[in-house]
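This report goes through a structure step by step, from one helix to the contact between chains. Please keep the sequence and the model in view while reading.

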Amino acid sequence: MTTATTTEALVSGRRAPASVHRRRRPHKEAWGAWTLMLPYLVLLLVGGLVPIVYALYTSVQKSPTLLEPNKTGFGGLAAYVKVISDFRFAQSFKDIFSVLVIWLPIMIVAIVGLALLVHASPGRFGSIMRFIYYIPGALGGVANLMLWVYLLNPSQSPIAGVLHGLGFTTIKQVVATPGDLAVILAAMLLLQGLGQWVVTVNGGLNSLPDDVLEAASLDGANAWQLAWHVKLPMIRQWIGYAALLNLAYGFQLFLEPYLLNQVAAGALPSEYAPTQLGYWFAFVGSDFPAAAAMSIIIVIITLAIGLVVVFRSGLFSVEEI
Amino acid sequence: MSAMTSRPPRAPGAGAVRRWDAGRIARIAFMSVVALTFLYPLVGFLTVALSTDNGVAAGTGGFLGLGGISLAGIQHSWGQIIAYGGSDTPHVYLTWIGNTLFVAIGGGILALLAALPTGYALARLRFRGKKLILVITLLAMVMPNTVFVIPLFLEVNAVNAVGKLWPVAVIMGFFPFGVYLSYIHFRTAMPFELVEAARIDGLGEIAIFQRIALPISKQAVALVAFFSFVANWTNFFLPLALLTSSFGTQTISVGIQSLISSSPLFNPTTAAGLSVKLYMPELALATVVSTVPLLIVFIVAQRFLIRGQTLGAVKG
């Protein structure tokens, strides 16, 4: 291919083509770009922007009542007032916070530590370890929950001795004893998320330039110094990324408290997390304006975290583009 | 692992790393302990999936119940899982697996078709509005996808498509993380000079993507396909909100929820009315079987997850 040969010459040469680059007709490039992005833009509208706009619209409609189940029309901020003044609203955010406080610090240290250890173990041992760490994450979602049902059920748990020692005889007791749920959820999120993030951060470590790492070991750095003084600063962005994404992830907690409540035969609050409260409004309360208002509130919170990630963390060089 | 062996041999002096010093022993010991902690419950869970109801309930079988594994147990459990579903939706477990394959693969293909060209355009083309698209994509990527579920439900409900599988697949096709992965890939694996050279050779913008960018995007394809498939397969809240109304069009994650709520272990009242008895071995086996596709995908994608050949080539 002629293109390839030209390209190789250019890549190996100095930065000659910069001037050519500048003089390029921009409208042709822009047309090409928008054409290439067309499928994505359609999906972005259908899967992201339209639902948000429609939810905004729905959230300012009147809520249906028992007497008038088909009531419609502009309702102002009534749905928001209803949601925020609901007794479960503030509690659901406190619940999430109590999980995050336990889970997030352990999670970040474990991700970085294991990723560095895997990276310091080239060859078969490292890849086997990475694979094993990944397996619980691969279980994902419901499967991870089933694993925990098995672990937490004193009647057949492999840690039944511990559970009996704590005085538990049924899984309902284990889950529904006050204060237990936050710890259990934190442990579930840790086991589930750790492997995938180790793979991700390890990928970041693998993309570090070999020459820098080799130079450091030539200078006499041992494995520990290499990890702490060279690799860790170089994957700073990945660590920040992992921290903030996992923080935002806390707000999407739904499956675990929702299903643990089923396992505990309804002994848990069915609106533990904010997303569960939104679900309740939509599917139990049949109050779409309130469900929309609840989800707009969660969107705004996660959007705020997102804006911090994108603009303030220095993870994404948006300003350079 | 090809990526590992292609790594240049370590510089002289680095031979010291091979020695069995204290640090090396500590590292290997620690990593092994963590691995065993991860494996212990998993092996136990797998054992339960392969044992009989009575054996698990009685706690016989010794260490992690390994002695309780029995072919008869597996056959019985699988029979119960397959029998679940009733007359309207027979073998509903298999239907759920089929539905999940449909939305996970369909969503994955859409995600690939959208992510690769967009990632390339954002990384290597200059146009007005690029920053806006990138920022929206990053925000959508960082925001947890369950926050969109209720709005998505309202949207799908407005077009009367609740209970159908295709809206789930289409929505799963919106995968901003895939766009970001592709964007990073083309920024690192494809120098500007490559694009310039192709232009000098007279290729149009679309042709450059098809003939230069696509052939070196194997790594991005593998990553986007892998992450999207896993996310789609394990997605719970979206199919729960969009598909609960119809038993036969659920995905496996929502289906397993139905299994849990039909188990005499957790819901004796409902379970009493069913001929199928789902105890822990049945639930565990249904779960284990449902994760097989994920493990296959991981094993296939593993070498790409480690390091891209193209990334290595550009780094030189």
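Which residues of helix 14 of chain A are buried? They are P274(A), T275(A), Q276(A), L277(A), G278(A), Y279(A), F281(A) and A282(A). The model is a predicted one, and what follows is computed from its atoms.

**Helix 14 of chain A**

Helix 14 of chain A is mostly covered, since eight of its eleven residues are buried. The buried residues pack against several helices of chain A, namely helix 4 (78–84), helix 5, helix 13 and helix 15 (288–312). Chain B also takes part in this packing, with helix 7 (149–158) and helix 13 (237–243). After helix 14 of chain A comes S286(A), which has a positive phi near 50°.

**Salt bridges**

Side chains of opposite charge can pair when their charged atoms come close. Over all chains, the count comes to seven salt bridges. Four of the pairs are listed here.

| Pair | Closest N to O distance |
|---|---|
| E29(A) and R126(B) | 3.0 Å |
| E29(A) and R199(B) | 3.6 Å |
| D86(A) and R88(A) | 2.9 Å |
| R88(A) and E271(A) | 3.3 Å |

R88(A) appears in two rows, once with D86(A) and once with E271(A). Are these residues buried or exposed? D86(A) counts as buried because its relative accessibility is 15%, under the cut-off of 20%. R88(A) is buried too, with a relative accessible area of 11%. E271(A) has 12% relative accessibility and therefore counts as buried.

What does the pair of R88(A) and E271(A) tie together? R88(A) lies in helix 5 (residues 87–119) of chain A, and E271(A) lies in the loop between helix 13 (255–263) and helix 14 (274–284) of chain A, so the salt bridge ties together parts that are 183 residues apart in sequence.

E29(A) also has two partners in the table, R126(B) and R199(B). The pair with R199(B) crosses between chains, from helix 3 of chain A to helix 10 (residues 192–200) of chain B. Both E29(A) and R199(B) are buried. Salt bridges that share partners join E29(A), R126(B), E196(B), R199(B) and E205(B) into one network.

**Where chain A meets chain B**

How many residues of each chain are in contact? The contact involves 118 residues of chain A and 112 residues of chain B. The size of an interface is often given as the accessible area lost when the parts come together. Between chain A and chain B the buried area is about 10400 Å², and carbon and sulfur atoms give 75% of that area.

Two salt bridges are counted between chain A and chain B. Seven residue pairs are in polar contact across this interface, both residues being at pLDDT 80 or more. Helix 3 (residues 26–59) of chain A supplies the largest share of the side of chain A that touches chain B, with 25 residues. That side of chain A divides into 80 nonpolar, 29 polar and nine charged residues.

**The nonpolar core and P117(B)**

The largest nonpolar core has 210 residues. Those that touch the most other members are Y133(A), V175(A), L260(A), Y120(B), M190(B), F236(B) and L259(B). Apart from residues up to four places away in sequence, Y120(B) touches L36(A) in chain A, and L125(B), F186(B), M190(B), V195(B), I208(B), F209(B) and A213(B) in chain B.

P117(B) sits in helix 5 (residues 92–124) of chain B. Why does P117(B) count as buried? P117(B) is buried because its relative accessible area is 9%, below the 20% cut-off. Leaving aside neighbours within four places in sequence, P117(B) is in contact with L36(A), L112(B) and F209(B). The C-alpha atoms of P117(B) and L214(B) are separated by 8.6 Å, although the two residues are 97 residues apart along the chain.

**A partly exposed residue**

K172(A) is found in helix 8 (residues 171–176) of chain A. K172(A) counts as partly exposed because its relative accessibility is 41%, which lies between the cut-offs of 20% and 50%. Setting aside neighbours within four places in sequence, K172(A) is in contact with T177(A), A264(A) and A267(A). From C-alpha to C-alpha, K172(A) and G266(A) are 9.1 Å apart in space and 94 residues apart in sequence.

Methods. Residues are numbered from 1 along each chain as its sequence is written. Chains are lettered from A and ligands numbered from 1 in the order in which they are written. This is a predicted model: local features need pLDDT of at least 70, side-chain atom pairs count only at pLDDT 80 or more; totals for chains, interfaces and linings use all residues. Side-chain values use heavy atoms; hydrogens and water are left out. Contact means heavy atoms within 4.5 Å. Buried area is the accessible area (1.4 Å probe) that two parts lose on being put together, summed over both. A salt bridge is a side-chain nitrogen of Lys or Arg within 4 Å of a carboxyl oxygen of Asp or Glu. A polar contact is a pair of N or O atoms within 3.5 Å; within protein, one must be able to donate a hydrogen and the other to accept it, and residues adjacent in sequence count only if both atoms are side-chain atoms. Helices (H or I, at least four residues) and strands (E, at least two) are DSSP runs, numbered from the N terminus. Ala, Val, Leu, Ile, Met, Phe, Trp, Tyr, Cys and Pro count as nonpolar, Asp, Glu, Lys and Arg as charged, and the others, Gly among them, as polar. A nonpolar core is a set of buried Ala, Val, Leu, Ile, Met, Phe, Trp, Tyr and Cys residues joined through side-chain atoms within 4.5 Å. Buried means under 20% relative accessible area, exposed over 50%, partly exposed in between (1.4 Å probe, protein chains only).
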